[in-house]
Amino acid sequence: MALIALQEQLTFPLQELLRTSIEVRKTRVLFSRIFEYLDMPSQIKKISGAIVLNKKTVRGQVKLENVSFSYEGGSLLLSDITIDIPGGSHVAIVGATGSGKTTVGYLIAGLYEVDKGAIYVDSVDIRKLSSHSRTDILGVVSQDPYLLNGTIKENLLFANPQATDQELVTTAKITKLHDFIVSLPLQYDTPIGEHGYRFSGGEKQRLSLTRTLLRKPSIIIMDEATSALDTITERNLSIALNESINNVTTITIAHRLSTVRHADQIVVMNRGRVVEKGTHEELLEKNAYYAKLLESDKS
Ligand SMILES: Nc1ncnc2c1ncn2[C@@H]1O[C@H](COP(=O)(O)OP(=O)(O)O)[C@@H](O)[C@H]1O
Ligand SMILES: [Mg+2]
């Protein structure tokens with residue numbers, strides 16, 4: 001009896017590990033890659049003649065021109081949004097909950113079709129962009145990322161199977177996750193997900209960011225992607241990110257204003273409209289909506 005019990009104890013983790021790796025393989029068939037919400041089915045009616053943008057030559061310029069949008073059956077949510085994001089620049093979208101920030105992210109990612117106006121990436125209407133180009137060029141990190149049942153390494157390699165161990169480490173250092181990973185007994189081979197080590201919200205977010213960075217997108221949309229981190233870790237990560245991904249266009253959707261003050265451009269939204277645009281200093285100088293948000297953020 002005792003022997004059987006011992007055997008069970010010994011074999012259980014092995015079976016569990018085997019099962020986990022089978023699950024990872026199964027999931028790999030279901031989704032070709034991890035795209036956060038980019039792998040949700042796009043509702044865009046394609047305009048014929050898909051245009052392919054090459055990741056090596058893309059500038060990453062994003063332009064929203066007089067965009068209006070409402071969810072099916074809903075009242076008008078976004079009205080006349082115009083935002084010009086030069087390639088390689090860092091833009092922040094801020095505003096109260098419900099002002100439409102996440103929806104703007106969805107539209108740039110091509111998840112829904114705009115009702116009026118258009119969105120361009122390097123002057124190509126995203127409705128004309130091939131779906132492969134879309135997922136190749138764009139990277140999305142959402143507030144509540146999806147982890148696979150597998151090891152940390154498997155979760156990372158899933159995004160870019162060609163990545164070397166050195167690349168995994170370098171990228172995990174940028175996202176301030178490496179030191180934590182190596183403090184775990186099994187390090188990069190630690191199983192996570194339902195059957196493994198339970199990551200905290202902030203660790204999950206950093207893993208998701210690492211995964212997205214490994215795919216080397218030209219444009220990254222981060223929707224409250226570091227919201228679960230404490231202010232100091234968030235700021236350090238933001239500095240490391242800006243230093244290491246210089247030529248990547250970043251669109252940061254943020255609630256906490258302290259993290260976005262160094263953005264090249266801050267877009268302030270209120271009730272589905274853009275109410276102000278400018279740098280932190282310009283908006284402070286204006287002493288209007290952003291200045292008020294900042295004031296209430298401090299209290
Ligand atoms: N899939 C959806 N269908 C219908 N309404 C939605 C959907 N997603 C968001 N909304 C609504 O759109 C509004 C703006 O939401 P959202 O873009 O998430 O704002 P924010 O990110 O600024 O908080 C909210 O009132 C929300 O209820
Ligand atoms: Mg949101």
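Start by looking for ring pairs: a search of the whole structure turns up seven aromatic pairs. Two rings of Phe, Tyr or Trp (for Trp, the six-membered ring) pair if their centres lie within 6.5 Å; planes under 30 degrees apart are stacked, over 60 edge-to-face, and the rest tilted.

Select Phe 69 and Tyr 71. Their ring centres are 5.0 Å apart and their planes meet at 80°, so this pair is edge-to-face. Now colour by accessibility, where buried means under 20% relative accessible area, exposed means over 50%, and partly exposed is in between (1.4 Å probe, protein chains only). Phe 69 counts as buried because its relative accessibility is 3%, while Tyr 71, at 29%, counts as partly exposed.

Next, jump to Tyr 197 and Phe 199, another edge-to-face pair, with 5.8 Å from centre to centre and 85° between the planes. Tyr 197 is partly exposed at 35%, and Phe 199 is buried at 10%.

Before moving on, a quick word about what's on your screen. This is a predicted model, where local features need pLDDT of at least 70 and side-chain atom pairs count only at pLDDT 80 or more, while totals for chains, interfaces and linings use all residues. Residues are numbered from 1 along each chain as its sequence is written, chains are lettered from A and ligands numbered from 1 in the order in which they are written, and side-chain values use heavy atoms, with hydrogens and water left out.

Go back to Tyr 71 and add Phe 69, Tyr 106 and Tyr 112: together they form one aromatic cluster.

Tyr 71 and Tyr 112 also lead you to ligand 1, since both are among the residues surrounding it, along with Leu 77 and Ala 96 and a run that includes Gly 100, Lys 101 and Thr 102. Being near here means having a heavy atom within 4 Å.

Which side chains should you zoom in on? Try Lys 101, with an N or O atom 2.9 Å from an oxygen atom of ligand 1. Thr 102 has a polar side-chain atom 2.8 Å from a ligand oxygen, and Tyr 71 has a side-chain N or O atom 3.4 Å from a ligand nitrogen.

Last stop: the nonpolar cores, sets of buried Ala, Val, Leu, Ile, Met, Phe, Trp, Tyr and Cys residues joined through side-chain atoms within 4.5 Å. The largest has 33 residues, and Leu 64, Leu 107, Ile 221 and Ile 251 have the most contacts inside it. Apart from that one lies another core of 16 residues, including Val 169, Phe 180, Ile 181 and Ile 192.

Conventions. Polar contact = N/O pair within 3.5 Å; in protein donor to acceptor, adjacent residues only side chain to side chain.
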